[in-house]
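Here is a short tour to read with the sequence and the structure side by side. Take your time and rotate the view as you go.

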Amino acid sequence: MTSEAITHGGAMNPEGDGWVTPDGRHIGPVVLEVKNITLRFGGVTAIKDISFDIREGEIRAIIGPNGAGKSSMLNVISGFYHPQEGEIWFRGQKRPPMKPFQVARQGIARTFQNIALFKGMSVLDNIMTGRITLMRSNMVDEAIWWGRAEREELAHREAVEKIIDFLEIQHIRRTPVSRLPYGLQKRVELARALAAEPKLLLLDEPMAGMNVEEKEDMSRFILDVNDEFGTTIVLIEHDMGVVMDLSDRVVVMDYGKKIGDGPPDEVRNDPQVIAAYLGVSHE
Amino acid sequence: MPEQFYFALEVALNGLLTGVMYSLVALGFVLIYKSSEIFNYAQGVMALFAALTLVGLQTGQVPFAELINAIFGTHLSHFGWQLPPLVAIVLTAAVMVLFAFLVERLILRHLVGQEPIILFMATIGLAYFLEGFGDLMWGSEIKKLDIGLPQGISETVESLTGKWFGYGLFIDKLDIAAAVVAGILVTVLTLFSQYTKQGRALRAVADDHQAALSVGISLRFIWVLVWSIAGFIALVAGVMWGAKSGVQFSLSLIALKALPVLMLGGFTSIPGAIVGGLIIGVGEKLFEFWVGPLIGGATENWFAYVLALIFLVFRPQGLFGEKIIERV
Ligand SMILES: Nc1ncnc2c1ncn2[C@@H]1O[C@H](COP(=O)(O)OP(=O)(O)O)[C@@H](O)[C@H]1O
Ligand SMILES: [Mg+2]
């Protein structure tokens, strides 16, 4: 991957597959690859023959104007949508068609563009539920070994408290999520996704509808998650500026097609990308 | 204290114990509604079917005997054994789990994402199918259900209250047993949903399907679980009601008693179902006691609905629901 290392202005990884970023993070081999994905809804083609890969440890952005098919792409990766054509390769294996819960159990967590929290639960309960795939006790166990179930519960609580501290939401941990302002709800949703200790984290416009200060906070959290836990992140944004600061590589989509793929500076100066953004730059 | 007061107290207590049964049936509705937004019309018939199956298994009836006899000209009716009540109950519970599994596999799975009215229609179909199937499997004659539950007026209560108040209250032992069992069941269900992994998953699905999927919960599994629990609740309700008045078609009508409870308590509230059941139970018995004689009796058939309607007008969100504020 020498050529890629050069285009990224970084040194080669000792392992040979990947590179080290200018800020010293290690980008590893490909974890997930989408190949020739096409997704149609009746007459509408939301994704047209798109391929790209996601490498271990990177922040991979998908940008594009509204309706470009970004969310659809994320939904394909997380198993919510099933493409008519194309393949998904995860950790070197072709993935059979999967239900969203199966994808989640493989260590892929996500947030939603339109926030999907458990509205009737507190912040703490929401995040706790994010750990459900890591909970081992089954019903019979729980009936017989209250002690063991309780110890497990405590361990999960501890992990959740760490995430709460990390995302600085201690003060709202008991609050029902429906009472929280939009910006904090987005943060709780991120917390819930993190609770699953995912290998791959898919974020659909985590900063949409936020004010400047909230956006800065969220950017910092995303960078910290990637840095401290080594979590690979796919980030959908349609604000170019945010993406430039955060991502290692960017896929640009427009009308369901991929019109650009590469490091942020390269993509920003691509005439095709500029053209796609010109008409919608005010958004 | 005047004698009238003790009469009323006795009536209220009886109502309370009956109300616990209403709560239980309503709970079956609420669980399914919360997790899948299906109003399960078949809940009452499930109670009937569970009770039929229990009696059939316990008394060693040959399933589908009439059908087999008609085809092969045989004269089968019973295997000639008698199962211990506990064994019969466990087996019936297993049958209800199998039923839940089949409902998910053959119906729910194919109707995911359909309008609630379509799902409701499906459960109407299910109800009549199950009714016919129960008849075919176990025969349609009235059956006696006897699993050794205490029967008759409780002398303990009578003599104790006699000593304390100078008036012995008449309370049916079966009603007490039913209330105790229902109470235990509700407690266990609450603990289950609050403190276990599957309970947490169940609450998650009840709250938001998308979010539940995204954290790795299988909706299909939860539906089987919920219908199994509803089947088990139906079994308990069927046993108690069956022990009281025999196992026959009218048993499925206890579902009609749960409707006003749901109107009162809200379709999604577990505490609502419990408190609603108690209010209806006590309300209808007291009303029949005080007002019934003045207007020719038989008020128990409609009183619950009128009470529920009045509640509905003033609190459409149910007893414990949050006030719905229309945003324009
Ligand atoms: N569930 C769906 N049913 C029908 N059309 C859909 C669905 N989801 C997305 N689309 C269509 O696919 C296209 C891409 O949408 P989307 O992926 O949400 O774009 P983006 O996230 O880039 O704004 C749009 O035309 C949208 O209307
Ligand atoms: Mg989108």
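## How chain A is put together

In chain A, 65% of the contacts with a separation of 6 or more are made by residues 24 or more positions apart. The chain has 11 helices and 13 strands. Of its 283 residues, 55% are buried.

## How far to trust the model

Please keep in mind that this is a predicted model. It scores ipTM 0.90 and pTM 0.88.

For chain B, the mean pLDDT is 90, with 98% of the residues at 70 or more. Among the elements of this chain, helix α4 (residues 85–106) of chain B has the highest mean pLDDT, 97, while helix α6 (residues 155–165) of chain B has the lowest, 86.

## The magnesium ion in chain A

Which protein atoms are the donors of the magnesium ion (ligand 2)? They are OG of S71(A) and OE1 of Q113(A), lying 2.0 to 2.1 Å from the ion. These two residues link distant parts of the chain, being 42 residues apart. S71(A) sits in helix α2 (residues 70–77) of chain A, and Q113(A) in the loop between β9 (108–110) and α4 (123–129) of chain A.

Their surroundings are worth a look too. S71(A) has a relative accessible area of 19%, under the 20% cut-off, so this serine counts as buried. Q113(A), at 26% relative accessibility, is partly exposed.

## Two helices crossing in chain B

Now turn to chain B, where helix α1 (residues 3–36) of chain B packs against helix α11 (residues 254–265) of chain B. Their axes are 8 Å apart and meet at an angle of about 75°. Angles of 65 to 115 degrees count as roughly perpendicular, so α1(B) is roughly perpendicular to α11(B).

From α1(B), the contact is made by Y22(B), V25(B), A26(B), F29(B) and V30(B). From α11(B) come I254(B), A255(B), K257(B), A258(B), V261(B) and L262(B). By type, the residues of this contact are 10 nonpolar and one charged, with no polar ones.

## A glycine in a loop of chain B

G152(B) lies in the loop between α5 (116–138) and α6 of chain B. Is this glycine buried, partly exposed or exposed? G152(B) has a relative accessible area of 33%, so it is partly exposed.

Leaving aside residues up to four places away in sequence, G152(B) touches I171(B), D172(B) and K173(B). S140(B) is 12 residues from G152(B) along the chain, and the C-alpha atoms of the two are separated by 27 Å.

Note on methods. Residues are numbered from 1 along each chain as its sequence is written. Chains are lettered from A and ligands numbered from 1 in the order in which they are written. This is a predicted model: local features need pLDDT of at least 70, side-chain atom pairs count only at pLDDT 80 or more; totals for chains, interfaces and linings use all residues. Side-chain values use heavy atoms; hydrogens and water are left out. Axes are lines fitted to C-alpha atoms, for helices over the stretch in contact, and angles run from 0 to 180 degrees between N-to-C directions. Helices (H or I, at least four residues) and strands (E, at least two) are DSSP runs, numbered from the N terminus. Angles under 35 degrees count as roughly parallel, over 145 as roughly antiparallel, 65 to 115 as roughly perpendicular and the rest as oblique. Contact means heavy atoms within 4.5 Å. Ala, Val, Leu, Ile, Met, Phe, Trp, Tyr, Cys and Pro count as nonpolar, Asp, Glu, Lys and Arg as charged, and the others, Gly among them, as polar. pLDDT is the predictor's confidence in each residue, from 0 to 100. Donors are N, O and S atoms within 2.8 Å of the metal (3.2 Å for Na, K and Ca); water is not among the atoms, so sites may look incomplete. Buried means under 20% relative accessible area, exposed over 50%, partly exposed in between (1.4 Å probe, protein chains only).
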